[in-house]
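Take a look at the protein shown here. Follow the chain with your eye before you read on.

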Amino acid sequence: MPLTLAKLPRLPAFASIDAATRDALMREVRLRDIAPGQCCFAQGEAGEEVVLLVEGCLKLMRTSRAGRTAIVRVAYAGELFGIGPAMGMPRYLLTAIAIRRSRVALWRTADWHRVLGTTPESTDVLRVLGERLDDAYDRLVNNATLDVTARLIHEILQLADQVGRLTEDGTLVDLPLTREDLAAMTGTTLHNVSRILSRLEKQGFVRGGRRRLLVLDVEGLVRLANEQNSAA
């Protein structure tokens, strides 16, 4: 299935791009065929190219910080799926493996940004969005592979790392998050969150309060998370 200018306007990724820009992109593109089971790119590799799937399908996989792997979704023909580099991320966020024989179109990241005229300001915005997407992928994998206790512990640790404030007693997550919010963030029920938080409080890891959470022992909670990961 040849990649032609006539087909590009019908693809969502190029629908809003003018003809001159499409011509410029076509001058920089290269094609690559991928055999079934072959890796197109791997999570963590330097994001040197933006990737468009022209033909076939690939499974997009993610290994979370907890070391669990899950299929995030399947990419089909017409999708721009190597978006980490396009969003200013230095490395690929996922691993892409061909399910059946596939063909991809590749652009060097520098050429992609040069042709599209991406400004430093817009690159900064895209990079922030990419970081949020990175976190979302991890949460998705954790929800798919970890038990409820492990998911909640990882969520608490992430909140402590991102918005926690050091106090004399520990790390304060001073956000108006209810237990219902934590249940929604970890894909479980209010009953489970209440039960697990009560146990963590009795064990001296956290202290609850009205719409606030104090993490008393971050290192201990990390060890417990690792134990939960191993047991899950």
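The paragraphs below go from the whole protein to its strands, its rings and its charged pairs.

Start with the overall picture. This is a predicted model. The protein has 232 residues, and 44% of them count as buried. Its secondary structure comes to 8 helices and 11 strands. The accessible surface of the protein comes to about 12,000 Å². Carbon and sulfur atoms account for 52% of that surface. Now think about contacts between residues at least 6 apart in sequence. Of these contacts, 70% join residues at least 24 apart.

Next come the strands. Four of them can be traced as one sheet. The sheet is open, its order is 2-6-4-5, and its pairing is antiparallel. Which strands stand at the edges? They are strand 2 and strand 5, the latter spanning residues 69-76. Each has a single partner strand, so one side of each is left without a neighbour in the sheet. From one strand to the next, the twist averages 30°. Look now at strand 4, residues 57-63. Strand 4 pairs with strand 6 over 4 bridges, in the antiparallel sense. One spot is easy to find: Leu60 has Ala96 of strand 6 as its bridge partner.

Another pairing deserves a look. Strand 3 and strand 7 (residues 102-108) run antiparallel and are joined by 6 bridges. Here Leu53 stands opposite Val104 in strand 7. Why is strand 3 largely enclosed by the rest of the structure? Strand 3 covers residues 49-55, and 6 of its 7 residues are buried, so the strand is largely enclosed.

Turn to the aromatic rings. The count comes to 3 aromatic pairs. In one of them, Phe41 and Tyr92 are stacked. Their centres are 4.1 Å apart, with 15° between the planes. Phe41 lies in strand 2 (residues 39-41). Tyr92 sits in the loop between helix 2 (83-86) and strand 6 (95-98). The pair therefore ties together parts that are 51 residues apart in sequence. Are these two residues buried or exposed? Phe41 is buried, at 5% relative accessibility. Tyr92 is buried too, at 7%. Buried means under 20% relative accessible area. The rings of Trp107 and Trp112 form a pair as well. Their centres are 5.4 Å apart and their planes are at 65°, so this pair is edge-to-face. Trp107 has 0% relative accessibility and counts as buried. Trp112 is buried as well, with a relative accessible area of 7%. Go back to the stacked pair for a moment. Phe41 and Tyr92 belong to one aromatic cluster with Phe81.

Now for the charges. Side chains of opposite charge can pair when their charged atoms come close. In this protein the count comes to 9 salt bridges. One of them joins Asp138 to Arg62, with the closest N and O atoms 3.1 Å apart. Asp138 lies in helix 4 and Arg62 in strand 4, so the pair ties together parts that are 76 residues apart in sequence. Helix 4 itself spans residues 120-145. Both partners, Asp138 and Arg62, are buried. For Asp138, the relative accessible area is 5%.

Stay with Asp138 a little longer. Which residues does Asp138 contact, leaving aside its neighbours within four places in sequence? They are Arg62, Thr63, Ser64 and Arg65. Ser64 is 74 residues away from Asp138 along the chain. Even so, the C-alpha atoms of Asp138 and Ser64 are separated by 4.9 Å.

Two further salt bridges make a useful contrast. Arg73 pairs with Glu79, and the closest N and O atoms are 2.5 Å apart. Arg73 is partly exposed, with a relative accessible area of 32%. Glu79 is partly exposed as well, at 23% relative accessibility. Arg108 pairs with Asp111, and here the closest N and O atoms are 3.1 Å apart. Arg108 is partly exposed, at 46% relative accessibility, whereas Asp111 is buried, at 10%. Arg108 and Asp111 are also part of a network of salt bridges that includes Glu28 and Arg114.

Definitions and conventions:
Residues numbered from 1 in each chain as written. Predicted model: local features only at pLDDT ≥ 70, side-chain atom pairs only at ≥ 80, totals over all residues. Heavy atoms only, no water. Buried < 20%, exposed > 50% of the residue type's maximum accessible area, 1.4 Å probe, protein only. Helix = DSSP H or I, 4+ residues; strand = E, 2+ residues; numbered from the N terminus. Pairing = 2+ DSSP bridges. Contact = heavy atoms within 4.5 Å. Phe/Tyr/Trp six-rings, centres within 6.5 Å; stacked < 30°, edge-to-face > 60°. Axes fitted to C-alpha atoms, helices over the stretch in contact; angles between N-to-C directions. Areas by Shrake-Rupley, 256 points an atom, 1.4 Å probe, with all protein chains shown as cover. Salt bridge = Lys/Arg side-chain N within 4 Å of Asp/Glu carboxyl O.
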